[in-house]
Amino acid sequence: MSTIDGWDEETFTAEGYTRTVFRRGVGPGVVVIHEIPGVTPRVIAFAEEVVAAGFTVVMPSLVGDPGRPFSPRYAMTSMAKACIAKEFTTWATGRTSPIVTWLRALAADLHDRCGGPGVGAVGMCLTGGFALGMMVDDRLIAPVLSQPSLPLAVPKLPGWRTRGADLNLSPEDLARVEERAAAGCPVLGLRYEGDALVGTRFETLRRELGDAFIAVELPSSSSRDHSVLTEHRHDPTVVQVLEFFRDRLLPG
């Protein structure tokens with residue numbers, strides 16, 4: 001029995017990693033990659049909206065306990081685990097997080113199963129930039145970056161400005177992403193304007209991707225505003241993400 005009601009639970013192994021994934025829906029594929037602390041009820045609720053919009057969704061569980069609600073203590077515990085996990089490049093610049101190769105394989109498998117013109121992906125916070133790294137594979141045609149926050153940039157720590165501008169990509173992967181963007185693959189980015197965790201990455205994305213980067217920058221009502229699609233949900237932006245997936249992935 002699945003730990004999330006209504007979702008099929010399985011494991012997926014590739015690139016030396018095995019992770020639990022949850023699957024639901026019909027239609028072209030979309031990979032929904034959770035934020036810290038894990039696959040929370042609000043991440044699931046967003047994923048179910050993607051399913052209802054006409055897509056097959058897979059949600060990998062990369063950290064945390066699937067279905068467990070958000071709490072500050074749970075978030076701190078999950079973040080501590082992520083910071084020491086070899087799958088995530090949390091501090092170094094100019095590197096792609098190793099788990100991204102697994103996510104590319106997951107997206108490729110999803111496309112093989114579902115067909116369609118390609119696959120979409122949305123990452124959030126710690127995983128926000130992972131959809132960008134997945135663009136190295138031509139099958140990823142609808143990348144969404146919600147509050148991308150790696151590598152971590154803690155103000156006033158040495159090198160924090162450099163990390164805050166970094167896209168969590170190796171030079172080779174960045175060159176491939178730029179090539180795909182120039183060839184017509186748009187990238188949708190979401191953030192609250194006052195979110196310090198995003199750093200200056202949107203400026204980097206504008207510089208590197210040009211008009212292919214579609215920035216959605218929302219006014220902050222609080223310094224805590226961060227999770228655009230979940231904990232601090234902005235309804236019109238959720239609608240915009242669903243429309244982006246429809247435009248890119250649904251025929252006609």
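# Exercises on a predicted single-chain model

Glycine 129 sits in the loop that runs between strand S5 (119-124) and helix H4 (130-133), where helices (H or I, at least four residues) and strands (E, at least two) are DSSP runs numbered from the N terminus. The model is a predicted one, in which local features need pLDDT of at least 70 and side-chain atom pairs count only at pLDDT 80 or more, while totals for chains, interfaces and linings use all residues. Residues are numbered from 1 along each chain as its sequence is written, and side-chain values use heavy atoms, with hydrogens and water left out.

## Exercise 1: the setting of glycine 129

Determine whether glycine 129 is buried or exposed, and list its contacts beyond the neighbours within four places in sequence.

Solution. Begin with the classes: buried means under 20% relative accessible area, exposed over 50%, and partly exposed in between (1.4 Å probe, protein chains only). With a relative accessibility of 14%, glycine 129 counts as buried. Next, take contact to mean heavy atoms within 4.5 Å; once the neighbours within four places in sequence are set aside, glycine 129 is in contact with Leu145 and Pro148. Finally, the C-alpha atoms of glycine 129 and asparagine 168 are 6.8 Å apart in space, although 39 residues separate the two in sequence.

## Exercise 2: backbone geometry in the loops

Locate the cis peptide bonds that precede proline 37 and proline 151, and then examine the positive phi values of cysteine 125 and glutamine 147.

Solution. The bond from isoleucine 36 to proline 37 is cis, with omega near 15 degrees, and proline 37 belongs to the loop between strand S3 (29-33) and helix H1 (41-52). The bond joining leucine 150 and proline 151 is also cis, with omega about -5 degrees, and proline 151 lies in the loop between strand S6 (140-146) and helix H5 (160-165). Turning to phi, cysteine 125 has a positive value near 60 degrees without being a glycine; this residue is in the loop between S5 and H4 and, at 8% relative accessibility, counts as buried. Glutamine 147, likewise not a glycine, has a positive phi of about 40 degrees; glutamine 147 is found in the loop between S6 and H5, and its relative accessibility of 0% makes it buried.

## Exercise 3: the cysteines

Establish how many disulfides the structure holds, and check cysteine 83 and cysteine 114 individually.

Solution. A disulfide is a pair of cysteine sulfur atoms within 2.5 Å, and the structure holds 0 of them. For cysteine 83, the nearest cysteine sulfur is that of cysteine 125, 10 Å away, and cysteine 83 counts as partly exposed at 25% relative accessibility. For cysteine 114, the closest cysteine sulfur, in cysteine 185, is 18 Å away, which is too far for a bond; cysteine 114 is partly exposed, with a relative accessible area of 26%.

## Exercise 4: glutamate 217 in its strand

Place glutamate 217 in the secondary structure and describe its surroundings.

Solution. Glutamate 217 is part of strand S8 (residues 213-218), and its relative accessibility of 30% puts it among the partly exposed residues. Apart from residues up to four places away in sequence, glutamate 217 touches Arg191, Glu193, Phe202 and Arg206. By contrast, aspartate 65 is 30 Å from glutamate 217, C-alpha to C-alpha, with their positions 152 residues apart in sequence.
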